[in-house]
Amino acid sequence: MVNVHKGVLVECDPAMKQFLLYLDEKMALGKKFILKDLDDTHLFILAEVVQTLQERVGELMDQNSFTVTQK
Amino acid sequence: MKLRVHLQCKNLHEYLRELSPEILDRLYNHPATCLAVYRDLPSLAKNYVMRMLFLDQPLPQAALALWVKIDSQKDHDECVSVLTGLRLWHSQQLQGGLQGYILNPVFKDNLRIALLGGGKAWADEGSSLGPDRHARDIESLDRYAIERWEVILHFMVGSPCAAVSQDLAQLLVQAGLMKSEAGEAPYITSAGFQFLLLDTASQLWYFTLQYLKTAQSRGMELVEILSFLFQLSFSTLGRDYSVEGMSESLLTFLQHLREFGLVFQRKRKSRRYYPTRLAITLAAGVTTNTGFIVVETNYRIYAYTDSELQIALVALFSEMLYRFPNVVVAQVTRESVQQAIANGITAQQVLNYCTHNVLLWTPVLPPTITDQIRLWELERDRLRFSEGVLYNQFLSQVDFEVLRDRAQGLGCLVWQDAAHRVMVVSPQGHSEVKRFWKRQKSST
């Protein structure tokens, strides 16, 4: 029998995928959201966490950036 | 999963191609239109039209193909498609049974009139009214045009000093540049932001095209308005023209043009009008560059302007640092660029705006800045989402392949992995694929 899941396909680079796996493991979003790990660059996740995920990624990028110039 | 609306700026030819054939044929009845369309053709197409202008019989396609060298075949094909798309010519069968091309007779006659003279005068010169006591010179016309156009842009940015008529506000909402909630003043949309950063000629075109689209719903004659617009573009700057013989809808159109700054009329009931530079450049498509921005490699922008509008536009994507009477100093930062992107502006548009307005002695933007702005835009796109339905755990390879091919045939296959027998289908295709699968199961 074929299994059918409804969700969202995420495409990203391998580094970002590791970050998502980390978030999933640490239950940072309150629950496990990865339904299936497809390959190096694709994941299948729950549809409702999309917004929070964007925010978390944004926070990660903010943490890793610094002001290039001086005022 | 945000949908980013991209502003599409169509030019004259693309707009004409969308019109129905009857309207196009009626449009070509006016020499001004034919000349304007001819002016915008690629040079090879202009050559073809000229060669066929005085032929009364169709020209065989073979003869046409002989006019170009073999390695320019691509240009030739492109020309043929442009001319056919605009209905400037159509193919007709010759006596020998060969296929030939003949110019659209209406277009041919009117282009001949445009080039050689004759026919009705295009615009009534104001000679019947005598010299104008309140004549305006070219400079004041330019100032008037820019002032009126900037009022519209100010209104979009939301400056409290700008006020436009109800009609114009509604046109902006219909064009998708602003949105209005019930009873409240309209506010700008992301398409509106992109519109603000375009150069004036593209802005004018976009606006005019939107106006033409709504013209029919207002009960105005599209052909009349378009012909008048082309007539305007051929008029001389600084000369006044009379409103003799213009119909009701043309007069209303003239009032709207007056509000956009394309013509100047001293009073609403004045019998003469002056076209401004904006009207003449509309169809000519030539823009003058008076730059005022310098972008430096330390992410600073110096804008040598005191126009509120220009300053507001620069502030859309940078942080203001200092302001002097003739210069404004701003800095492009990650936060300011990402704020602009959140508002719906793309990095390419920001860069186009800067390149277009750059002060002439530094004609190139520093590559560090252009790359960094694009990188800041890409940062937000590290994850790409697409809704889908996952199918896995197929019992056999054959089952997987049958279903996969069916989904691919329907065009809804988003992703597949044949080695693990997993596939993702878009939600729209899911019901169809499910039905197909059930039929398969019941038949085997």
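The contact between the two chains draws on 33 residues of chain A and 31 residues of chain B. Keep in mind that this is a predicted model. Putting the chains together buries about 3000 Å², and carbon and sulfur atoms supply 60% of that area.

**Who contributes on chain A**

- Five elements of chain A each give two or more residues to the side that touches chain B: strands S1 (3–11), S2 (34–39) and S3 (42–45), plus helices H1 (14–25) and H2 (50–63).
- S1(A) gives the most to that side, chipping in nine residues.
- Sorted by character, the chain A residues on the side that touches chain B come out as 18 nonpolar, eight polar and seven charged.

**Strand pairing across the chains**

- S1(A) also pairs with a strand of the partner chain, S13 (residues 384–392) of chain B.
- The two strands run in the antiparallel sense, and nine bridges link S1(A) to S13(B).
- To pick out one spot, look at Val10(A): its bridge partner in S13(B) is Phe385(B).

**Salt bridges and polar contacts**

- Three salt bridges are counted between chain A and chain B.
- For a pair to look up in the structure, try Asp62(A) and Arg334(B), whose side chains meet in a salt bridge at 2.8 Å, N to O.
- Chain A and chain B also have eight residue pairs in polar contact between them, counting pairs with both residues at pLDDT 80 or more.

Conventions. Residues are numbered from 1 along each chain as its sequence is written. Chains are lettered from A and ligands numbered from 1 in the order in which they are written. This is a predicted model: local features need pLDDT of at least 70, side-chain atom pairs count only at pLDDT 80 or more; totals for chains, interfaces and linings use all residues. Side-chain values use heavy atoms; hydrogens and water are left out. Contact means heavy atoms within 4.5 Å. Buried area is the accessible area (1.4 Å probe) that two parts lose on being put together, summed over both. A salt bridge is a side-chain nitrogen of Lys or Arg within 4 Å of a carboxyl oxygen of Asp or Glu. A polar contact is a pair of N or O atoms within 3.5 Å; within protein, one must be able to donate a hydrogen and the other to accept it, and residues adjacent in sequence count only if both atoms are side-chain atoms. Helices (H or I, at least four residues) and strands (E, at least two) are DSSP runs, numbered from the N terminus. Ala, Val, Leu, Ile, Met, Phe, Trp, Tyr, Cys and Pro count as nonpolar, Asp, Glu, Lys and Arg as charged, and the others, Gly among them, as polar. Two strands pair if DSSP finds at least two bridges between them.
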